[in-house]
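Let's take a walk through the sheet in this protein model. Keep the picture open while you read.

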Amino acid sequence: MHGDVDKEVSTRDFLIFKKGTEAPHAAFRGSTDKLFSEFKMFGEDWSFNARSVFGHKAIKDMEYYKKMRADFNTAVLKEKPQHISGYSKGANNAFDFGEEHSIPTTTFNPFASGNTITKDFKMPHKVFRTTDDWASTWLGFKKIPKNMEINSVHSLEENVNPGAVHNMSNFTDGEFSGK
């Protein structure tokens with residue numbers, strides 16, 4: 001992704017990028033793993049992940065999800081992103097909001113829960129996953145949902161361990177410093 005972040009509508013859960021006259025792009029983050037420094041966010045993220053295993057209906061009544069959804073709807077009205085990306089937990093959000101707003105997505109090592117493994121899609125969703133990724137394992141064991149393209153790649157040599165196979169760094173060229 002490239003461009004400037006629209007700080008007016010971006011939140012801690014997603015960013016809206018704009019570059020010149022190009023169509024805006026939305027990007028959803030994955031879960032934090034910083035238990036002590038981001039305790040509240042950690043709790044919200046992992047509560048969301050646990051409940052999302054059972055699908056969209058299990059998360060839609062969470063205050064956290066309601067706020068994120070309202071914030072994203074505001075961003076869509078203002079910026080009209082033409083593409084959404086997401087990593088891990090953020091991939092589930094990309095799938096949901098892409099379907100809701102008819103926006104195609106590209107996701108990386110999605111946390112493949114009930115949202116992603118039990119239904120077909122109306123919008124195109126391109127998935128990239130590492131072959132040993134624990135979070136997206138279910139996508140390797142079922143018929144590929146309608147309008148979902150799954151691309152599997154090997155983890156980087158330095159990331160061949162149970163935690164690192166899920167890292168976002170498996171998909172970037174070194175300019176990205178996060179997991």
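First, one bit of vocabulary: two strands count as a pair if DSSP finds at least two bridges between them. Also bear in mind that you're looking at a predicted model.

With that in hand, here's the sheet: it is open and has seven strands, in the order E1-E2-E3-E4-E5-E6-E7, and the pairing is mixed. Which strands sit at the edges? They're strand E1 (4–5) and strand E7 (148–153), each pairing on one side only.

Start at the E1 edge. E1 and strand E2 (residues 14–18) run antiparallel and are joined by two bridges. Look for valine 5, whose bridge partner in E2 is phenylalanine 17.

Now for the helices that pack on the sheet. Helix H2 (residues 63–79) touches E2, strand E3 (25–28) and strand E4 (83–87). Helix H3 (residues 89–101) touches E3, E4, strand E5 (105–108), strand E6 (125–130) and E7. How are they pointed? Here are the approximate angles between their directions and those of particular strands:

| Helix | Strand compared | Angle between directions |
|---|---|---|
| H2 (residues 63–79) | E2 | about 10° |
| H3 (residues 89–101) | E4 | about 155° |

Now move toward the E7 side. E5 and E6 run parallel, with four bridges joining them. Threonine 107 has valine 127 as its bridge partner in E6. How many bridges join E6 to E7? There are six, and these two strands run parallel. To spot where they line up, find histidine 125, which stands opposite methionine 148 in E7.

One last thing to try while you trace a strand: in a regular strand, side chains alternate between the two faces of the sheet.

Note on methods
Residues are numbered from 1 along each chain as its sequence is written. This is a predicted model: local features need pLDDT of at least 70, side-chain atom pairs count only at pLDDT 80 or more; totals for chains, interfaces and linings use all residues. Side-chain values use heavy atoms; hydrogens and water are left out. Contact means heavy atoms within 4.5 Å. Axes are lines fitted to C-alpha atoms, for helices over the stretch in contact, and angles run from 0 to 180 degrees between N-to-C directions.
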